[in-house]
Amino acid sequence: MKKYTILLFFVVATISVTAQNKNTKNADKLFDRYEYVQAVQEYLALVNKGDSDSYVCKQLGDCYYNMYNTIESEKWYRQAMQSKQDAETYARYAQMLKSNSKYSEANEQMKIFSNLIPNDQRAIEFSKNPDYLPQLIDKEKLFDVNKISINSTKSDFGAVLYGDIL
């Protein structure tokens, strides 16, 4: 009887994993080809149908992370964190939180990341000085930037060094 119970458990687990892979197959293919905008549309369609789980939320977080949409990425990573994630997801979530000026929450995620992979260079640097961001913000400015009349609101050109003149 015990054998049948264990066997039944593995069959049900396999079916549920296969069903999720089938549902995300198109979106995963787009994600693997770095077509994040289209992958987001596919994953969001799954969410709208009610077929989302922590995997879909993580994938949405990753898509928005790669498109550098920090607000959406943070939102989906937050939902993915309802279940245990891989270490890289915690690091990316922390990075999005930092980008959105949520430093204490970012430090919490980096602590989890550091515990999962203590030998990673990012974890080592974080462990040395977890509150480095306020220190950077408090530093005295090294340069003064003055707007001049030829500047526009766009990113026109970069600076060029010509001889001793910038």
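**Close-up 1. D62 and R92 join up in a salt bridge.** In this predicted model, the nitrogen-to-oxygen distance between the two side chains is 3.3 Å. The pair ties together distant parts of the chain, with D62 sitting in helix α3 and R92 in helix α5 (residues 87-99), 30 residues apart. Both partners are buried. They also have company: K58, D62, E88, R92, D120 and R122 are linked in a network of salt bridges. Across the whole structure, a search turns up 11 salt bridges.

**Close-up 2. Helix α3 is largely enclosed by the rest of the structure, since 10 of its 13 residues are buried.** The buried ones are V56, C57, K58, Q59, L60, G61, D62, C63, Y64 and Y65. The helix covers residues 54-66, and at 1.5 Å a residue it should span 18 Å; its end C-alpha atoms are indeed 18 Å apart, so the two agree.

**Close-up 3. Here are the two ends of α3, with D53 at the start and Y68 following the helix.** A side-chain oxygen of D53 reaches to within 3.1 Å of the backbone nitrogen of Y55. Past the other end, Y68 has a positive phi, near 55°.

**Close-up 4. C57 and C63 are two of the buried residues of α3.** C57 counts as buried because its relative accessibility is 6%, and C63 does so with a relative accessible area of 0%. As for disulfides, the count for this model is zero.

**Close-up 5. R78 and E74 pair up within helix α4 (residues 70-80).** Their closest N and O atoms are 2.5 Å apart in this salt bridge. The two residues are four places apart, about one turn of the helix. In an α-helix there are 3.6 residues a turn, so residues three or four places apart point the same way. R78 is partly exposed, at 33% relative accessibility, whereas E74 is buried at 6%.

**Close-up 6. K128 and E125 make a salt bridge in helix α7.** Their side chains meet at 3.5 Å, N to O. Being three residues apart in the helix, they are separated by about one helical turn. K128 counts as exposed, with 61% relative accessibility, while E125 is partly exposed at 40%.

**Close-up 7. I112, L116 and I117 make a nonpolar patch on the surface.** The patch has an area of about 210 Å². One of its members, I117, lies in the loop between α6 (103-116) and α7 (121-128). At 34% relative accessibility, I117 counts as partly exposed.

Notes:
Residues numbered from 1 in each chain as written. Predicted model: local features only at pLDDT ≥ 70, side-chain atom pairs only at ≥ 80, totals over all residues. Heavy atoms only, no water. Expected span 1.5 Å × (residues − 1). Buried < 20%, exposed > 50% of the residue type's maximum accessible area, 1.4 Å probe, protein only. Polar contact = N/O pair within 3.5 Å; in protein donor to acceptor, adjacent residues only side chain to side chain. Disulfide = S-S within 2.5 Å. Patch = residues over 30% accessible without salt bridge, like charges linked within 9 Å, V, L, I, M, F, W, Y side chains within 5 Å. Areas by Shrake-Rupley, 256 points an atom, 1.4 Å probe, with all protein chains shown as cover. Salt bridge = Lys/Arg side-chain N within 4 Å of Asp/Glu carboxyl O.
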